[in-house]
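Colleague: Could you take a close look at one part of this model, and set that part in its surroundings? A connected account would suit me better than a list.

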Amino acid sequence: MYSSIIYTEDPNTYIPDRSDYIDDRVQKWGIEPPSSQEGGSSGDGLLDFMSRMMMSLSSTSSMEYYKHNLENPELQFIDSLIERRSKYNNSDEITAAMKFTYVVRIELCECEKDVWRRVRVPSGIGLSIFHDQVICPVMGWARGYHGYAFEDPRDGTVIGPAKNSAYIDTMHVPMHYKKVMDDKGCPLAALLIKKGDIAY
């Protein structure tokens, strides 16, 4: 069972309506209805998530795509979104934004107590380096162990280590995000352009 968005929208022009989402935070490429997002208002988020995964894995159409080594329609739609986002990441706007130094507040979401750090980084720092050499050390985490993904709340783009990742929990990416755009060559400025921008 696939989202109706992939059949009714053109991936070359599709922009999710942020007002449909909690806190205007578009998640998971913006192709799942907000009511089906984990932790949404539709009851137990984990139970909903597991039900969707079981249905998608057992559907006849998914098996046919797998059997013929083809990507399903959702992944094809996401591939188009990734291609469009790659062009944006290499645009003049992003190139111009890469000459600044940012002061970034890194905050853990959904914690009982406020846990945050403030760091100064160049806006052109690659996301993989930002995670490995900035976030992990300042938060006291082991480097090169757990996987990561950055999510742009403006359009739901998910960016992280997409290929040949040795992180211990990378196997869970397809269950959570369906697909991740490779963060190689993607600067922090592609997520945070102006003061007050937020990424997850």
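**Cysteines, core and helix 4**

Modeller: In this predicted model, cysteine 136 is buried, its relative accessible area being 2%. Cysteine 109, by contrast, is partly exposed, at 48%. The structure contains zero disulfides. For cysteine 109 the reason is distance: the closest cysteine sulfur belongs to cysteine 111 and is 8.0 Å away, which is too far for a bond, because a disulfide requires the two sulfur atoms to be within 2.5 Å.

The interior is best approached through the largest nonpolar core, which has 37 residues. Those with the most contacts inside this core are Trp29, Ile31, Tyr102, Val104, Val121, Phe130 and Leu188. Among the elements that give two or more residues to the core are helix 4, helix 6 (127-139), strand 1 (101-107) and strand 2 (116-122).

Isoleucine 31 leads from the core to helix 4. Apart from neighbours within four places in sequence, isoleucine 31 is in contact with residues including Glu74, Phe77, Ile78 and Leu81. These four also appear among the buried residues of helix 4, alongside Pro73, Leu75, Ile82, Arg85 and Asn89. An α-helix has 3.6 residues a turn, so residues three or four places apart point the same way.

Helix 4 itself covers residues 73-89, 17 in number, and spans 24 Å from first to last C-alpha, close to the expected 24 Å. At its start, a side-chain oxygen of asparagine 72 comes within 2.9 Å of the backbone nitrogen of glutamate 74. Glutamate 74 is thus named twice: in that approach at the start of the helix, and as a contact of isoleucine 31.

Definitions and conventions:
Residues numbered from 1 in each chain as written. Predicted model: local features only at pLDDT ≥ 70, side-chain atom pairs only at ≥ 80, totals over all residues. Heavy atoms only, no water. Expected span 1.5 Å × (residues − 1). Buried < 20%, exposed > 50% of the residue type's maximum accessible area, 1.4 Å probe, protein only. Polar contact = N/O pair within 3.5 Å; in protein donor to acceptor, adjacent residues only side chain to side chain. Core = buried A, V, L, I, M, F, W, Y, C linked by side-chain atoms within 4.5 Å. Contact = heavy atoms within 4.5 Å.
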